[in-house]
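Colleague: I'm new to this one, so please pick a single spot and take me through it slowly. Then work outwards, so that I can see what surrounds it.

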Amino acid sequence: MNDEFFMREAISLALAAECLGEVPVGALVVRDGVIVGRGFNSPIGDHDPTAHAEIAALRDAARNLRNYRLPGCELFVTLEPCAMCAGAVLQARIARLIYGARDSKTGVHGSVVDIFAVERLNHQTEVLGGVLAEECGQLLSDFFLARRGRSGQ
């Protein structure tokens with residue numbers, strides 16, 4: 001199993017979010033090649049601004065591993081994280097973050113700022129962006145295009 005395999009799993013979670021009318025973003029936490037946490041966007045349905053895919057996946061993994069710290073874990077997410085989610089990644093001590101599409105409006109791995117490049121922070125996470133970026137980005141583009149089409153009628 002490789003990064004693309006796990007990103008495809010994250011895409012399937014994003015599709016679950018889309019089925020619920022949420023922005024299609026999916027995330028999962030992997031430790032030693034095993035998925036230990038899953039999540040997808042649900043801020044609309046949960047009435048919770050913190051219900052992003054990454055937060056849900058981190059919470060699920062922490063419960064499953066019975067530890068609020070997730071050293072040695074990798075987080076796969078279909079979209080470049082926002083500042084809130086990047087903070088959670090760092091607090092959880094995620095070893096490696098892998099994301100698909102860039103987010104030019106709120107992404108904090110260089111799209112707007114690069115939180116992960118701040119060396120003064122007490123934890124450093126390795127970051128790899130662009131894994132299945134076209135597929136991840138197309139999922140979001142199609143979602144927003146359909147939404148604009150419905151609101152324009």
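Modeller: Let's start at Leu-70, keeping in mind that this is a predicted model. Leaving out residues up to four places away in sequence, Leu-70 touches Leu-58, Ala-61, Ala-62, Leu-65, Ala-92, Arg-93 and Ile-94. As for where Leu-70 sits, look in the loop between helix 3 and strand 3. Is Leu-70 buried or exposed? Its relative accessible area is 1%, and anything under 20% counts as buried, so Leu-70 is buried. One of its contacts is worth checking on the screen: Ala-92 is 22 residues away from Leu-70 in sequence, yet their C-alpha atoms are 5.3 Å apart in space.

Now go back along the chain to helix 3, which covers residues 53-65. Its 13 residues should span 18 Å at 1.5 Å a residue, and that agrees with the 18 Å between its end C-alpha atoms. Right after the helix comes Arg-66, with a positive phi near 55°. Which residues of helix 3 are buried? They are Ala-53, Glu-54, Ile-55, Ala-57, Leu-58, Asp-60, Ala-61 and Ala-62. An α-helix makes one turn in 3.6 residues, so residues three or four places apart point the same way. Among the elements covering the buried residues here are strand 1, strand 2, strand 3 and helix 4 (83-92).

One of those buried residues deserves a stop of its own. Glu-54 belongs to helix 3, and an unreviewed UniProt entry places the feature "active site" there. Glu-54 has a relative accessible area of 4%, so it is buried. Its contacts, setting aside neighbours within four places in sequence, are Ala-27, Leu-75, Val-77, Leu-79, Pro-81 and Cys-85. The unreviewed UniProt entry also places a "domain: CMP/dCMP-type deaminase" feature at residues 1-128. Over that stretch the chain is 34% helix and 23% strand, with 16 Å between the end C-alpha atoms.

Follow the loop forward from Leu-70 and we get to strand 3. Six of its seven residues are buried, so strand 3 is largely enclosed by the rest of the structure. What does strand 3 pair with? With strand 1 the pairing is antiparallel, over five bridges; for example, Val-30 has Glu-74 in strand 3 as its bridge partner. With strand 4 the pairing is parallel, again over five bridges, and here Leu-75 has Leu-97 as its bridge partner. In general, strands of a sheet pair through backbone hydrogen bonds, either parallel or antiparallel.

Step back and the whole sheet comes into view. Five strands make up an open sheet in the order 2-1-3-4-5, with mixed pairing. Its edges are strand 2 (34-40) and strand 5 (126-128), each of which pairs on one side only. Ignoring direction, neighbouring strands are turned by 15° against each other on average. Helix 1 (residues 3-19) packs on this sheet and touches strand 1 (26-31), strand 2, strand 3 (73-79), strand 4 and strand 5, while its direction makes about 140° with that of strand 1. Over at the strand 5 edge, strand 4 (residues 96-101) runs parallel to strand 5 and is joined to it by three bridges. One bridge there has Ile-98 partnered with Leu-128 in strand 5.

Finally, have a look at the rings. The whole structure holds three aromatic pairs. One of them is Phe-5 with Phe-6, edge-to-face at 5.1 Å centre to centre and 80° between the planes. Another brings Phe-6 and Phe-76 together with 5.3 Å between the ring centres and 40° between the planes, so this pair is tilted. Since Phe-6 lies in helix 1 and Phe-76 in strand 3, the pair ties together parts that are 70 residues apart in sequence. Both Phe-6 and Phe-76 are buried, whereas Phe-5 is partly exposed, with a relative accessible area of 35%. Ring pairs link Phe-5, Phe-6 and Phe-76 into a cluster.

Definitions and conventions
Residues are numbered from 1 along each chain as its sequence is written. This is a predicted model: local features need pLDDT of at least 70, side-chain atom pairs count only at pLDDT 80 or more; totals for chains, interfaces and linings use all residues. Side-chain values use heavy atoms; hydrogens and water are left out. Two strands pair if DSSP finds at least two bridges between them. Helices (H or I, at least four residues) and strands (E, at least two) are DSSP runs, numbered from the N terminus. Axes are lines fitted to C-alpha atoms, for helices over the stretch in contact, and angles run from 0 to 180 degrees between N-to-C directions. Contact means heavy atoms within 4.5 Å. The expected span of a helix is 1.5 Å times one less than its number of residues. Buried means under 20% relative accessible area, exposed over 50%, partly exposed in between (1.4 Å probe, protein chains only). Rings of Phe, Tyr and Trp (its six-membered ring) pair if their centres lie within 6.5 Å; planes under 30 degrees apart count as stacked, over 60 as edge-to-face and the rest as tilted. UniProt positions are given in the numbering used here, feature names are shortened, and annotations may be inferred rather than shown by experiment.
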